[in-house]
Amino acid sequence: MLILLTGGAGSGKSTAARYLAQLGFCVVDCDKIYHDMLVDDPEYIDSIGKVFGFVKDGKIDREALTRYLFLNPDEVKKVEKLAHPVVVKRAVAMTGDSPVAFIEAQVPEAFGDLADMKWAVTADPGIRIERITQRDGCDRARAVGLLALQKNADYEKGAAEILRNDGTYGQLCERIDAALEKYSILPPAKK
């Protein structure tokens, strides 16, 4: 069974993913795959260079590309078109033969119908902004800008489970445990 774990920046999907990994589940992080691609995938790096020009000596100037995308949010679609097929292929391959695997995906639509279900982690925008500023060490304006880039994303659409994460870590874990029980999904350690 393949479950997409999604949610906007600061929602707590990485926290949920860490908890699921602690329970023994196979958990794949698409953000990590993408960041690895930025340094170890010459074909992807070349494609970014051809489209955006932010490549020098075979390396992507990530800060320049990020600044450009913040100023030109419509260009994000071009990056996604280049990145998503590679990320999806790598993520699915990393699940191997796990009977239950979770893929932490910022853009679940990229997976089409490959997943059995989607779980969305959500939180109030004010809480998300606070988490982003703490996590990234950035100011409020940058955190608000990050959320603005995701303004059209509807993470809850089509989600089998919506995991509210406005409270404590323990409360999020309880919600995850309840969802696992609802679908009769036992952690590998408890089988």
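Contact here means heavy atoms within 4.5 Å. The model is predicted, and the tour starts at a tyrosine.

**Stop 1: Tyr44.** Select Tyr44 and show its surroundings. Leaving aside residues up to four places away in sequence, Tyr44 touches Tyr34, Met37, Leu38, Ile60, Val79, Leu82 and Ala83.

**Stop 2: the core around Tyr44.** Widen the selection to the largest nonpolar core, which has 25 residues. Tyr44 is one of the four that touch the most other members, together with Tyr34, Ile103 and Phe111. Next, colour the elements that give two or more residues to this core:

- strands E1 (2-6), E2 (26-29) and E5 (101-104)
- helices H2 (30-40), H3 (42-51), H4 (62-71) and H5 (76-94)

As background, nonpolar side chains in soluble globular proteins tend to be buried together.

**Stop 3: another core.** Now select Leu5, Leu172, Leu180 and Ile185. These are among the 20 residues of another core, which lies apart from the largest one.

**Stop 4: Asp57.** Go to the loop between strand E3 (55-56) and strand E4 (59-60), where Asp57 is placed. Check the backbone: phi of Asp57 is near 55°, a positive value in a residue other than glycine. Is Asp57 buried or exposed? Its relative accessibility is 73%, so Asp57 counts as exposed.

**Stop 5: Ser184.** Move to the segment after helix H8 (169-182), which holds Ser184. Ser184 is not a glycine, yet its phi is positive, at about 55°. Ser184 counts as exposed because its relative accessibility is 64%, and the cut-off for exposed is over 50%.

Terms used: Residues numbered from 1 in each chain as written. Predicted model: local features only at pLDDT ≥ 70, side-chain atom pairs only at ≥ 80, totals over all residues. Heavy atoms only, no water. Core = buried A, V, L, I, M, F, W, Y, C linked by side-chain atoms within 4.5 Å. Buried < 20%, exposed > 50% of the residue type's maximum accessible area, 1.4 Å probe, protein only. Helix = DSSP H or I, 4+ residues; strand = E, 2+ residues; numbered from the N terminus.
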